[in-house]
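Biologist: Could you walk me through this one before I set anything up with it?
Modeller: Gladly; have a look at it, and then ask whatever you like.

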Amino acid sequence: MHSEAKWPLKLAATAGLLFLHIPLGLIILYAFTTEEKSYQFPPPGLTTQWFAKAWFDRPDIWPPLYLSLEVALISTLLAMILGTCAAAALSRARFYGRNSLSLLFVLPIALPGIITGMALRSAFDIMSIAFSTWTIILGHTTFCMVVVYNNVLARFRRTSGEMVEASMDLGATGTQTFIYVVLPQIASALLAGGMLAFALSFDEVIVTTFTAGQQTTLPIWIYGELRHPTIRPITNVVAIFVIAVTFVPILFAYYFTRESES
Amino acid sequence: MTAPSALASLLFRKPGLLTFALLAPPIFWLVVVYLGSLFALMLQSFYALDDFSGLILHEFTLATYAHLFDEANIQIILRTLIMAAVVTVASAIIAFPIAYYAARFARGKMKALFYLAVMMPLWSSYLVKIYAWKLILAKEGIVSWVANLLHGQWLIDALLSIPSIGGSSLSFSYIGTFLVFVYIWLPYMILPIQTSLERVPYSLIEASTDLGATPAQTFRNIIFPLAFPGVVAGSIFTFSLTLGDYIVPQIVGNSRLMIGQAVYTFQGTSGDIPLAAAFTVVAMFIMGTYLTVAKRLGAFDAL
């Protein structure tokens with residue numbers, strides 16, 4: 001087993017990994033190009049002017065950014081509450097219909113986003129609900145909940161219920177038990193789930209287009225720029241920003257769950 | 001005893017009640033928002049658009065489903081199925097060596113590096129990944145540059161001249177759409193294959209070698225059959241995600257629609273929510289069938 005891999009395997013694995021990483025590198029390179037009308041390669045020159053231009057000269061970027069942040073924050077918060085409740089209940093209890101419930105809780109992620117999106121769109125139409133920030137949040141919370149649920153459920157399965165029993169036997173109130181016993185046990189998993197949910201919501205576009213109506217979130221803004229490009233390097237600057245905003249929480253989440261497992 | 005603490009002890013003494021109290025909010029959400037919407041979706045697919053007024057007639061009819069059998073709509077469904085199948089097979093072929101190397105040869109730091117190298121593209125922004133391919137496949141982009149450098153422009157031209165999968169440039173052809181799909185879903189294929197490869201007991205491989213099998217025979221008769229459920233598990237993602245996507249073919253592709261684009265267009269510009277809903281039900285039906293087959297092949301144990 002501990003023999004060396006043969007060269008064709010090494011070559012195929014390396015080529016596959018390069019295929020995964022080169023495109024993201026190009027996004028960063030093109031944010032510095034001096035060419036704004038086409039995707040000329042190699043870039044005719046390099047400049048950092050687009051970062052300043054995106055910040056100062058493009059007021060159209062800010063409202064979508066704020067809307068995306070608002071939606072992601074509220075959805076994540078709701079998802080953390082709902083996901084934790086579901087995980088707490090399903091990790092211990094045994095009752096009739098438990099397996100179908102577990103299936104229900106992963107369905108919003110297992111089915112393609114277009115189904116969730118179109119389903120919500122159909123419901124809003126039948127009930128004559130007008131599009132608003134809350135219709136977007138409704139969709140996002142549904143799939144964010146699943147991410148939190150999965151993370152917290154995994155943690156609950158690895159902790160025992162004896163601590164809770166001991167705490168209650170020793171006279172702690174339910175609130176005290178929750179704050180001093182349960183919360184510290186699940187905190188890092190909950191935080192990791194919340195971070196993943198935030199990243200997922202901040203970047204989501206498929207469900208959002210069906211629930212946003214005329215509103216523009218940051219991914220919808222980018223989608224618009226992809227279809228009808230204006231100043232192309234500016235799109236790259238925003239893309240780098242999105243990569244950063246989604247990467248930081250994911251690295252944190254990785255760190256939190258890794259630390260507790262080793 | 002104050003009221004809240006009395007409540008807490010009551011809940012603690014009756015765990016069934018606690019479970020119920022915890023489950024009520026999330027279940028309420030999923031049943032009302034999610035299942036309720038899915039029900040609305042089914043309902044909409046049995047309505048129809050009035051051709052004259054352009055309004056949705058809220059009466060039960062099968063007219064919208066009959067509409068699905070129009071030549072153009074059948075084409076859309078077939079095209080999407082073929083794309084999803086081809087993307088799935090290609091992803092499996094590219095993913096297998098990476099997963100195999102990571103599972104059987106990478107150790108320690110190398111292993112962590114492999115894991116991060118697969119996870120980072122998986123989690124980076126979906127739109128940004130598509131955008132990257134628009135840069136790559138553009139006529140003046142890096143692919144043409146490399147092709148010119150190697151005097152291989154004729155190869156790209158030859159590929160693009162193939163009827164139906166070719167087009168005016170890579171970013172306006174099915175070849176381009178296919179490449180982007182493979183790229184963005186590849187990590188979803190690598191991870192389950194790696195997991196199932198890691199579960200193959202080493203003793204079986206030793207036994208096979210001891211009994212005189214060549215490495216190729218061991219791979220074909222031992223390793224691959226045991227890792228196959230992982231491939232099927234990965235294919236659930238690549239197939240389902242390709243089936244429902246409408247952004248990739250819109251950004252990189254030609255003007256002929258896939259199911260996702262049909263749903264998006266019908267509910268949007270043409271306001272034909274019933275037809276969009278019926279197309280979505282088709283996607284659900286296809287996924288349901290696919291999941292049933294995948295379950296038979298043991299894919300769920302590999303997740």
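Modeller: Before we start on the domains, a word on terms: contact here means heavy atoms within 4.5 Å. Please also keep in mind that this is a predicted model.

Biologist: Fine. Which domains does the assignment give for chain B?
Modeller: The assignment splits chain B into domain 1, covering 3-45, and domain 2, covering 70-302, and the centres of these two domains of chain B, taken over C-alpha atoms, are separated by 37 Å.

Biologist: And how many residues of domain 1 of chain B are in contact with domain 2 of chain B?
Modeller: On the side of domain 1 of chain B there are 5 residues, which are in contact with 7 residues of domain 2 of chain B. The area buried between the two domains of chain B comes to about 490 Å², with 84% of it given by carbon and sulfur atoms. In domain 1 of chain B, the residues that lose the most area to domain 2 are B:Leu41, B:Gln44 and B:Ser45, which together make up 78% of what that side buries.

Biologist: How many salt bridges or polar contacts are there between those two domains of chain B?
Modeller: The count of salt bridges between domain 1 and domain 2 of chain B is 0, and the count of residue pairs in polar contact, with both residues at pLDDT 80 or more, is also 0. By class, the side of domain 1 of chain B that touches domain 2 has 3 nonpolar and 2 polar residues, and no charged ones.

Biologist: Switching to the two chains, how many residues take part in the contact between chain A and chain B?
Modeller: Chain A brings 83 residues to the contact and chain B brings 80 residues, while the area buried between the chains is about 7,700 Å², of which 81% comes from carbon and sulfur atoms. Between chain A and chain B the search gives 0 salt bridges, but it does give 14 residue pairs in polar contact, both residues being at pLDDT 80 or more.

Biologist: Which helix gives the most on the chain A side?
Modeller: That is helix H1 of chain A, residues 7-30, with 14 residues on the side that touches chain B. Taken by class, that side of chain A has 59 nonpolar, 16 polar and 8 charged residues.

Biologist: How many salt bridges are there over all chains, then?
Modeller: A search of the whole structure finds 4 salt bridges. One of them pairs B:Glu198 with B:Lys111 at 2.8 Å, N to O; B:Glu198 lies in helix H9 of chain B and B:Lys111 in helix H5 of chain B, so the pair ties together parts that are 87 residues apart in sequence.

Biologist: What about A:Asp60 and A:Arg58?
Modeller: Their side chains meet in a salt bridge at 2.9 Å, N to O, in which A:Arg58 counts as buried because its relative accessibility is 12%, whereas A:Asp60, at 32%, counts as partly exposed. Salt bridges that share partners join A:Arg58, A:Asp60 and A:Glu225 into one network.

Biologist: Is helix H10 of chain A mostly covered or mostly open?
Modeller: Helix H10 of chain A, residues 218-227, is mostly covered, with 8 of its 10 residues buried, and A:Glu225 is among them, as is A:Trp221.

Biologist: Last one: where does A:Thr159 sit?
Modeller: A:Thr159 is in the loop between helix H6 and helix H7 of chain A, and a polar atom of its side chain lies 3.2 Å from the backbone oxygen of A:Phe156. Leaving aside neighbours within four places in sequence, A:Thr159 is in contact with A:Arg92 and A:Gln185.

Key: Residues numbered from 1 in each chain as written. Chains lettered and ligands numbered in written order. Predicted model: local features only at pLDDT ≥ 70, side-chain atom pairs only at ≥ 80, totals over all residues. Heavy atoms only, no water. Domains from an automatic or database assignment. Buried area = accessible area lost by both parts, 1.4 Å probe. Polar contact = N/O pair within 3.5 Å; in protein donor to acceptor, adjacent residues only side chain to side chain. Nonpolar A, V, L, I, M, F, W, Y, C, P; charged D, E, K, R; others polar. Helix = DSSP H or I, 4+ residues; strand = E, 2+ residues; numbered from the N terminus. Buried < 20%, exposed > 50% of the residue type's maximum accessible area, 1.4 Å probe, protein only.
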